[in-house]
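I opened a fresh page today and set out to look this chain over, from the whole fold down to single residues. Here is the structure I had on screen.

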Amino acid sequence: MTELEYDVADHVATIRLNRPHKRNAFTFEMVNDWADRLVDAQTDPEVRVIVVTGEGSGFCSGIDLSWVEDHEQAPLEFKQALTDHIHRVPLALEGIDKPVIAAVNGDAMGAGLDMALMCDLRLVSTTARMAMSYVKVGLVPGDGGCWLLPRLIGMPRALELLWTGDMIGAERAAELGMVNSVHEPDQLMDATYALAARLASAPPVAVRMIKRTAYQSQRLDFRTSLDLISSHMGVVRSTEDSVEAYRAFTEKRPGKYVGR
């Protein structure tokens, strides 16, 4: 049994964290595999959407603290270890222009919540609980939480969660704007794959350009963003899929897209 499972079906790649006995807490080896699979999904032309979920009752409880205790390192060595291993996942995600959906099937704690927040969309189970729990063990968010959370829910609410480490449920997370939708446990994966199928059925070049533009525009002034999108529009409009999408729309039929 591998600690991380990966498969592709119907243009959707699934990354499943598979350490249920540890609530899918990760080791450096596991996140290295995770980052590698993200790169595989990005470079595979058959993959149009990526789903990340956990096996068992937890999504991800962060780094395996017992594993960390067995691998004590000096401060500089630990910083380098974060850069060389755990940070490979957020950096890989930053380079992915395909939709990434987190199906949060259970608890997402500390770095596990960071990993969910890195995804583009989050569908969660009613039983899921979330916490920026670093402060509870005397640590700072090590995997992007201080960057990601304020951008999702605003600085005051983000700081409250970061400073207190309070655990919140799925409905509260939805109220705060941390998640897209909440589902009963037995319906979560069906809802996730239904959404993934919708995104995979859209023109893939246009979908990827939309993601690029949305994220890039967060760092640009409005005029520069308009200049960027005019270039993207020219490229997308020249593709076979753009021609097919227009024909399918006017003929009131589903489009058949090839990714070029």
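My entries follow, beginning with the overall picture and moving to the strands, a helix and a loop residue.

**Entry 1: the whole chain.** A reminder to myself before anything else: this is a predicted model. I looked up the secondary structure and found 12 helices and 10 strands in the protein chain. The radius of gyration came next: it is 19 Å, close to the 18 Å that the globule rule gives for 260 residues, so the chain is as compact as a globular protein of that length. I also took the box along the principal axes, and the C-alpha atoms fill roughly 60 × 45 × 35 Å.

**Entry 2: inside and outside.** How much of the chain is buried? I noted that buried residues make up 45% of the 260 residues. For the surface, I wrote down about 13,700 Å² exposed, with carbon and sulfur atoms supplying 56% of it. I then turned to contacts between residues at least 6 apart in sequence, and 68% of these join residues at least 24 apart. Last on this page were the charges: the chain has 27 positive and 36 negative ones, and their mean positions lie 8 Å apart.

**Entry 3: β1, β2 and β3.** I followed the chain from its start. Strand β1 (residues 4–9) pairs with strand β2 (residues 12–17) in the antiparallel sense, over six bridges. Checking individual partners, I found L4 bridged to L17 of β2, and E5 bridged to R16 of β2. The hairpin has two residues between its strands, and there D10 takes a positive phi near 55°.

β2 has another neighbour, too. Six bridges join β2 to strand β3 (residues 49–54), and these two run parallel. I picked out V12, which stands opposite V49 in β3. Is β2 enclosed or open, I wondered, and what do its residues say? Five of its six residues are buried, so β2 is largely enclosed by the rest of the structure.

**Entry 4: an open sheet.** Next I traced four strands that form an open sheet in the order β4-β6-β8-β9, with mixed pairing. Which strands stand at the edges? They are β4 (58–60) and β9 (168–169); each has a single partner strand, so one side of each is left without a neighbour in the sheet. At the β4 edge, I saw that β4 and strand β6 (residues 107–109) pair in the parallel sense over two bridges. C60 has A108 of β6 as its bridge partner.

**Entry 5: helix α5.** I then went to helix α5 (residues 111–118), which is mostly covered: eight of its eight residues are buried. I jotted down some of them, including D114, M115 and M118. One general point for the margin: an α-helix has 3.6 residues a turn, so residues three or four places apart point the same way.

**Entry 6: Q187.** My last stop was a loop. Q187 is found between β10 (181–183) and α9 (188–200). Is Q187 buried or partly exposed? Its relative accessibility is 45%; since the partly exposed class runs from 20% to 50%, Q187 counts as partly exposed. I also looked up its separation from F26, 161 residues apart along the chain, and the two C-alpha atoms are separated by 26 Å.

Notes. Residues numbered from 1 in each chain as written. Predicted model: local features only at pLDDT ≥ 70, side-chain atom pairs only at ≥ 80, totals over all residues. Heavy atoms only, no water. Rg over C-alpha atoms; globule rule 2.2 N^0.38 Å. Buried < 20%, exposed > 50% of the residue type's maximum accessible area, 1.4 Å probe, protein only. Contact = heavy atoms within 4.5 Å. Areas by Shrake-Rupley, 256 points an atom, 1.4 Å probe, with all protein chains shown as cover. Lys, Arg positive; Asp, Glu negative; His and termini not counted. Charge placed at Lys NZ, Arg CZ, Asp CG, Glu CD. Pairing = 2+ DSSP bridges.
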